[in-house]
Amino acid sequence: MANLFQGSASPLDASRLVFSRSATKRPVPLPGSTELWAQNVCCDHMLTCRWTVEGGWEMPEIKPYGDLSISPIASCLHYATQCFEGMKVYRGFDGRLRLFRPDLNAKRLNMSATRVALLSFDDAELVKLIAALVKEDTPRWLPQDQTGRFLYVRPAIIGNGTQLGVQLPRVATLFVVMVPWPDFSMELPPNAKPREIPGLRLLASQGETTRAWPGGFGYAKVGANYGTTFVAHGKALEQGFDQILWLFGPDGRVTEAGASNFFAVVKNEESGRAELLTASLDDNLILDGVTRRSVLELVRSRLSNELSVSETVFTMSELKKAWEQGRLLEAFVSGTAFFITPVCSINYEGRDLDVPQEHQAVGASYASVIKGWLKDIMYGGEVFWDDTTLLLEILDVCKRNRTALTGLLHGLICVALRRHVEDARAFRSVTPYSVRKFTNADAMDILNHISFMTQYVPSAMLEELQATETGSPAESSLILKMASAFASDMKAELGGFPNNNAWANVHHITDLEAHCRDQIGTACEYTYELSNLGSMRMAPTTGDGIILERLIFTQCGMVAGPALGFNCASVQGGPLIISITTMANKVQNEWLVIVPDAEGKLEERMRVRATHIDNVKKHVDSGFFQMGGAMLRAQPQEQELDISGSIVVARAATAEEVLTVLKEDIYARTGVWDLKNVQVYPNSLRIMSAMLVSGVVQRGNQLATEQIELPSLGDHHVLVKIEGAAFNPTDRLAFDLNAFGDGAVLGCDFVGVVVETHTSVTRLAVGDRIAALVWGGEIKGLGAYSTHCHADERISFKVPDNFSHSSACSIPLAANTAWLALFSHGCLALDREPTAKRPPILIWGGSSTVGYFAIQMARLHGHVVVTTCSPRNFELARRAGATHVFDYNDPEVTAKIRSAAPDLAHVFDTIGSATSSATACEAIDGRPGVLCTVRPGKANTGDVPQNVKVTDVFVFTAFPTPHSYRGAAHWPINMPDHELSVELYDQLPTLLADGKLVPPAVKVVGELGPEAVAEAMNLNRSGEISGEKLCFRVSADAADETECAK
């Protein structure tokens, strides 16, 4: 359903959260007390955030719990414009706090809000706000010694504008409260006697009352969905029942039980197989419960051998028939409030149907088994393979060393290979990973791996390994070291998904054939594939083996073909299984085949898809198909795939052999594939030697010089032999956070000579001396702290002849940052038109390298520049072009700035500390203004006055690619910033040669190496650097001395 308020000005932003802490503490009800069962004692604080149609979301606030003030003509009081959620925060058995799948609750609240014409918001921001409220109040209300308990969390949105009449809400309030809550599935109210037969007693509804109907809102968590049921619920309680089992229609379709989802376990009348029945979501009659979804996922993944799942339409009369025939095995409800609670009886047409509580199939009820699994997950006490001692030991090793099972297997495999492949110089592993959660694929769909990670194990590590004894502590230490590196790299890889990976970038590939040729990897005898398929569904065969019920199509065709393939899968209740496949002989030819679908054949494709999959299996197993899958015109949406055809990488002697196989496929025989327009590209396998260079890499909290493997050149990229590199504070921050994991090459600014170009390059040539920008660490193997690096020809410039290496490498990041901060539409957006007004600008931190460039650029464009720095740098700032220079430590600095620039409305904070932005914005003096900062986030901008719009600059939007940082921050492609940056790099040679832009003073720390980089980082930490840029010499012929700004 389309949202009516997508154009709202300000999004919900957790980074703007403010706190007003309570001075008084509310009494905490004791477990089992009357106060607890009253369910109306809220925690000390609540979260609120106001929204208006004109301004969007305001600043969220955590404040003392209290009543809301509301107008008598508020929309929610008259027209039911309100919705809510129910979730819990659990104190785990390990003492940690856990929210159970809060992303699903946030997504559902968004959907419910849309259903009643309320606003939308970013799901992830709501989860962050809830987490902040949890962190604030749980120390008192859910302390560490109360393991195994929980608090109920209630987010809600109400339309509370003062408006009468049928109209869209123009004002709304989001609020979140937390309440101590009894466990209805296990506890009884005070003085209540336990029942002889535990479980809920349900009363099947009669035709006079209907809870939900097609086209209504039974699927949304809105108040109108519940209030209309209270009369029937009250009557049921008077008759001794607990809940209403809601039926729909003249045939009595089973929907929900009270406010919970309903499940029944019955034996299929024909097959005798146990089935888990629950109402379907298709007609929007029931709520898509988070607990319901979890139950279904657990049953499908762990109980598929004995219990099938049927989300379908079933009636009360069918349930009664199953009961009469002894086929009704059990029933239970699920939900946040009741968790998993068994049903002991259902009253239908005046007769009690007593529901069994356990049965021979499992020696207990399925409800109790599922409840135990869910409880373990919620409280952090889950153990998957309790029958396999060895696997538990392995998993314990992984946990203690903070690595994944796949990483440990990687280390073990490398050891085994090195012991048996004596002439191996290095190993490369290829690990595909599933993107199921981004594609909404069903559990039975093909497990398509459309992205993968390569892990390079250098010769130095193999030599170190060879020197150890088998089974020795030294060998174990190396295995864990490799496992840790693997886990770190995979974390970084997954952290960038789906914004920064092959899937997101594929539409930038202009020549698919050339791209595939360029990506063919190294010698197959030194490459292996490692896939962890996770917990798989297995079914016994008539023989001794097992059958995988899913087709595993690991799409790793971008390498020359692993000589060894390791696929590991864990079986519920059984061992860890590793299958090993080998390539028996080398195939001489590889073919890239693109087969378009005939027009209008999508329905036919889906009809025969299962047959196609069965046919493909044998070709995957034989190695004939190396890679394959459907081609999509666009990224998958919620419910449908826009399929345009298929792409296959096949191995065969001739193209005719490939076409022969394709013609036999069901897609060809039914006319799905348009074979008249098939494209076949020869890919003769060639062995490419990986380019190994020397670089400074991160290993934990240390730096080391190692050989690193450079990736292949991409479009518009050149290979540069580096002569000088510069230090930036972002390098130190990335190192301190280990943001890119072990093996990362940091460094963002470098200067050097082009030694190789991609075929698409037009601006540069071999031999050109350039300075360029790179986000060191973002792409494995690329960073300025190396002897070689890739450069984008558009985000680099030819260095004037009279510039030294150190001066040149001090320019790209700082100049690009200043340029975007001043002129990007997402930042200060200063108008560069000749006739535009030139307002004054305050640059806070004018002696920083970024500030130094910003002063010059603003002055070149006719702006009066006010800046701050320490007194020793006043003259430097004036030479750069500042009209007014003040000491940032002066207690009256903002007053003096207001006097010097009374109409100031633009501030660029180049420092980004906890106080700099707020202090700088005081100079705007209450009028509307705009701030751009280099360090966004609540910690640095939370105290900025509300009259000032807060923006931030992220220099790497200069590249026409998406970016991710530590899996938490994502930046989509920003073409306006890219084009603006290209304009800067086009101008830089002239601006520098003419002296209109002058680089800062530089200090050469020494030759690039771990010690020099560590020294630069320590200087930055101590705050000893001011008014100069730290640089490193990289090649022997790049020696120059400390220089001053010209």
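Two strands count as a pair if DSSP finds at least two bridges between them. Keep that in mind for the views below, which come from a predicted model.

**View A. Strands β32 and β33 form a hairpin with two residues between them.**
Start with the two partners: β32 covers residues 692-699, and β33 covers residues 702-709. They pair in the antiparallel sense, and eight bridges link them. To see one of those bridges, find leucine 692 and look across to its partner in β33, glutamate 709. Now move to the turn of the hairpin. What sign does phi take at glycine 700 in the hairpin of β32 and β33? It is positive, near 65 degrees.

**View B. Strand β34 pairs with β35, with β37 and with β48.**
β34 runs over residues 717-726, and eight of its 10 residues are buried, so the rest of the structure largely encloses this strand. For a residue, buried means under 20% relative accessible area. How many bridges does β34 share with β35? There are eight, and the pairing is antiparallel. With β37 (residues 788-792), β34 makes five bridges, again in the antiparallel sense. Its pairing with β48 (residues 1028-1033) is antiparallel too, over three bridges. A couple of residues make handy landmarks here. Valine 720 has cysteine 789 of β37 as its bridge partner. Glycine 724 is worth a pause: valine 751 in β35 stands opposite it, and arginine 1033 in β48 is its bridge partner.

**View C. The largest nonpolar core holds 105 residues.**
Nonpolar side chains in soluble globular proteins tend to be buried together. In this model, the residues with the most contacts inside the largest core are Phe750, Leu773, Tyr785, Phe956 and Phe1032. Which helix gives the most residues to this core? That would be α23 (residues 812-823), with nine. Domains 5 (694-808 + 1001-1033) and 6 (828-952) each put in at least three residues as well. Another core lies apart from this one and has 40 residues, among them Phe263, Leu287, Val295 and Val299.

**View D. The largest cavity lies between domain 1 and domain 2.**
The count comes to six cavities of 30 Å³ or more, and this view is about the largest, with a volume of about 160 Å³. Why does it lie between the two domains? Domain 1 (14-180) and domain 2 (200-216 + 227-379) both give residues to the lining, so the cavity sits between them. In all, 17 residues line it, and Lys88, Tyr90, Thr336, Phe339 and Met378 lie nearest its centre. Three elements each supply at least two lining residues: β6 (87-91), α7 (290-302) and α9 (366-379). Sort the lining by class and you get nine nonpolar, five polar and three charged residues.

**View E. Asparagine 738 and aspartate 925 are not glycines, yet asparagine 738 has a positive phi and so does aspartate 925.**
For asparagine 738, the angle is about 50 degrees. You'll find asparagine 738 in the loop between α21 (729-737) and β35 (749-757). Buried or exposed? Neither quite fits: asparagine 738 has a relative accessible area of 28%, so it is partly exposed. Aspartate 925 has a phi near 65 degrees and belongs to the loop between α27 (916-921) and β43 (929-933). Its relative accessible area is 49%, so aspartate 925 also counts as partly exposed; the label "exposed" needs over 50%.

**View F. Arginine 50 and lysine 949 each have a partner far along the chain: 110 residues away for arginine 50 and 121 for lysine 949.**
Look for arginine 50 in strand β2 (residues 45-52). Its relative accessibility is 39%, so arginine 50 is partly exposed. Where does asparagine 160 come in? From C-alpha to C-alpha, asparagine 160 and arginine 50 are separated by 9.5 Å. Lysine 949 is in strand β44 (residues 948-952), and at 57% relative accessibility it counts as exposed. The C-alpha atoms of lysine 949 and leucine 828 are 9.6 Å apart in space.

Note on methods
Residues numbered from 1 in each chain as written. Predicted model: local features only at pLDDT ≥ 70, side-chain atom pairs only at ≥ 80, totals over all residues. Heavy atoms only, no water. 1 Å grid on protein atoms, 1.4 Å probe; cavity = no way out; pocket = protein on both sides within 12 Å on 5 of 7 lines; lining within 4 Å. Points joined across faces, edges and corners; volume = space filled by probe spheres on them. Helix = DSSP H or I, 4+ residues; strand = E, 2+ residues; numbered from the N terminus. Nonpolar A, V, L, I, M, F, W, Y, C, P; charged D, E, K, R; others polar. Domains from an automatic or database assignment. Buried < 20%, exposed > 50% of the residue type's maximum accessible area, 1.4 Å probe, protein only. Core = buried A, V, L, I, M, F, W, Y, C linked by side-chain atoms within 4.5 Å.
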